[in-house]
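Colleague: I'm new to this structure and would like to start with one part of it. Please give me a close look at the strands and how they line up, and then tell me what else I should find on the screen.

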Amino acid sequence: MAMTPPGTRPANPRFSSGPCAKPPTHNLAALSDAPLGRSHRAAVGKAKLKQAIDDTRAILGVPDDYRIGIVPASDTGAYEMAMWSLLGERPAEMVAWESFGAGWVTDVAKQLKIEHTVHTADYGEIVDMAALNYDNDVCFTWNGTTSGVRMANGDAIPADRAGLTLCDATSAAFAMDLPWDKLDVTTFSWQKVLGGEAAHGMLILSPRAVARLESYTPPWPMPKIFRLTKGGKLIDGIFVGETINTPSMLAVEDYLFSLEWARSVGGLQGLIARAEANTKAVADFVDAHDWIDHLAVDPATRSTTSVCLKFTDARITDGAAFAKAVAKRLADEDAALDIGGYRDAPPGLRIWCGGTVETSDIEAMLPWLAYAFEAEIAAG
């Protein structure tokens, strides 16, 4: 049977889950105010870095008594910094329902080697967060970037917890409503929801986390790049833009552009609405086709950023090869770039639906997905 390709392609076929699509109005000329060749410790550099922190606070609604710092090595660096600096004072509850959460489990079990309990769920499902012991420190991801499963809310986290909550929110911040009173440490990277440049992470600390830092010294050696205290006191400069190492001022300018764009579309609520509209377009497509389904089992915990899909057609004999072929065909057609599922996840596709993606591009891409599926079925 001859198949006719769709007549329209997405204006922007970039649906990668990281680095993610730039804001629709992004242009290099907008970065011309970047203080290139200047020290980040000069007044102009400090001002830009502090603005990045202040704008982040304003858009995300971070409480005034929480500290926000720009740290090296993306979300991974921020989360590692938090674990190495804060954990060990009491046992840890390690939570994982996808590969990045599993990585934090490995760090605690094999590197820090502290007392811990592991709670896991299969891809597509989520751990029962109400079953955890919050007198211990709890480490978890808010949104499973590689599984398409997210926390529906923070209701299971008690307000009177004795331990700290350490939340990896890298594909949730700027797309989901984070309950700051339930989060003691929150990390994310610029390259995710706002489509910023790589290698810069954000570390947000509650007053409880700061109190832990100033009252507890881990028993292991602390690399310079992880040190948040000096003489038993928080290094305040980190949280006003005095970074531990040299940041890229071009990347800072790019992040500032993204924050301004976020404000122009309605701030956090506008970004959430854009992500939900994109996700609904994919969900409607899934509902209309019996050969594809969500990897996430429960609609209440389906991600609105990293939407993971699986093929369910009985004619498919090698799921991994089929998914890879579909993703390649879409890329070759310039209809969807970088939507193959994560290497450790079950075979399938992963479509980024964060707020920088236009719903019209999602809607233009989905007929191509149907076309690619039928073409690969015919080829097989």
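Modeller: Here is a walk through the strands, followed by a few other places to look at.

A bit of housekeeping comes before that. This is a predicted model, so to speak of local features we need a pLDDT of at least 70, and side-chain atom pairs count only at pLDDT 80 or more, while totals for chains, interfaces and linings use all residues. Residues are numbered from 1 along each chain as its sequence is written, and side-chain values use heavy atoms, with hydrogens and water left out.

Now the strands. One open sheet has seven of them, in the order β1-β9-β8-β7-β4-β2-β3, and its pairing is mixed. The edge strands are β1 and β3, each of which pairs on one side only. From one strand to the next, the twist averages 15°. As for the terms, strands (E, at least two residues) and helices (H or I, at least four) are DSSP runs numbered from the N terminus, and two strands pair if DSSP finds at least two bridges between them. Angles run from 0 to 180 degrees between N-to-C directions, with axes being lines fitted to C-alpha atoms, for helices over the stretch in contact.

Start at the β1 edge. Strand β1 covers residues 67-72, and five of its six residues are buried. Here buried means under 20% relative accessible area and exposed means over 50%, with partly exposed in between (1.4 Å probe, protein chains only). β1 is joined to β9, residues 200-205, by six bridges, and the two run antiparallel. To follow the pairing on screen, find I70, whose bridge partner in β9 is M202, and then P72, which has H200 as its partner in β9. In a regular strand, side chains alternate between the two faces of the sheet.

At the other end, β2 (residues 92-96) and β3 (residues 116-120) run parallel and share five bridges. V95 is a handy marker there, with H119 as its bridge partner in β3. Between these strands comes helix α3 (residues 99-112), and β2, α3 and β3 make a right-handed β-α-β unit. A crossover is called right-handed if, with the strands pointing away from the viewer, the path from the first strand over the helix to the second runs clockwise. In the loop between α3 and β3 sits K113. Its phi is near 55°, a positive value in a residue other than glycine, and K113 counts as exposed at 64% relative accessibility. Most residues other than glycine have a negative phi, and most peptide bonds are trans.

There is also an open sheet of three strands, β12-β13-β14 in order, with antiparallel pairing. Its edge strands are β12 (292-294) and β14, each pairing on one side only. Neighbouring strands of this sheet are turned by 35° against each other on average, direction ignored. β13, residues 306-311, pairs with β14 over four bridges, and V307 stands opposite I351 in β14. In the loop between α7 (319-332) and β14 (349-352) you'll find D334, which has a positive phi of about 55° although it is not a glycine. D334 is partly exposed, with a relative accessible area of 41%.

Away from the sheets, have a look at the peptide bond between G18 and P19: it is cis, with omega about -10°. P19 belongs to the segment before α1 (43-60).

In helix α6 (residues 267-288), find N278, which counts as buried at 0% relative accessibility. N278 and C353 are 75 residues apart in sequence, but C-alpha to C-alpha they are 5.4 Å apart in space.

Last comes the largest pocket, with a volume of about 340 Å³. Its lining has 21 residues, and S17, F100, T145, Q191 and K192 lie nearest its centre. On a 1 Å grid over the protein atoms alone, a pocket is an open set of points where a 1.4 Å probe fits, with protein on both sides within 12 Å along at least five of seven lines, and lining residues have an atom within 4 Å of a point. Points are joined across faces, edges and corners, and the volume is the space filled by probe spheres set on them. Helix α2 (residues 74-86) gives the most to this lining, with three residues. By type, the lining divides into three nonpolar, 12 polar and six charged residues. Nonpolar here means Ala, Val, Leu, Ile, Met, Phe, Trp, Tyr, Cys and Pro, charged means Asp, Glu, Lys and Arg, and the others, Gly among them, count as polar.
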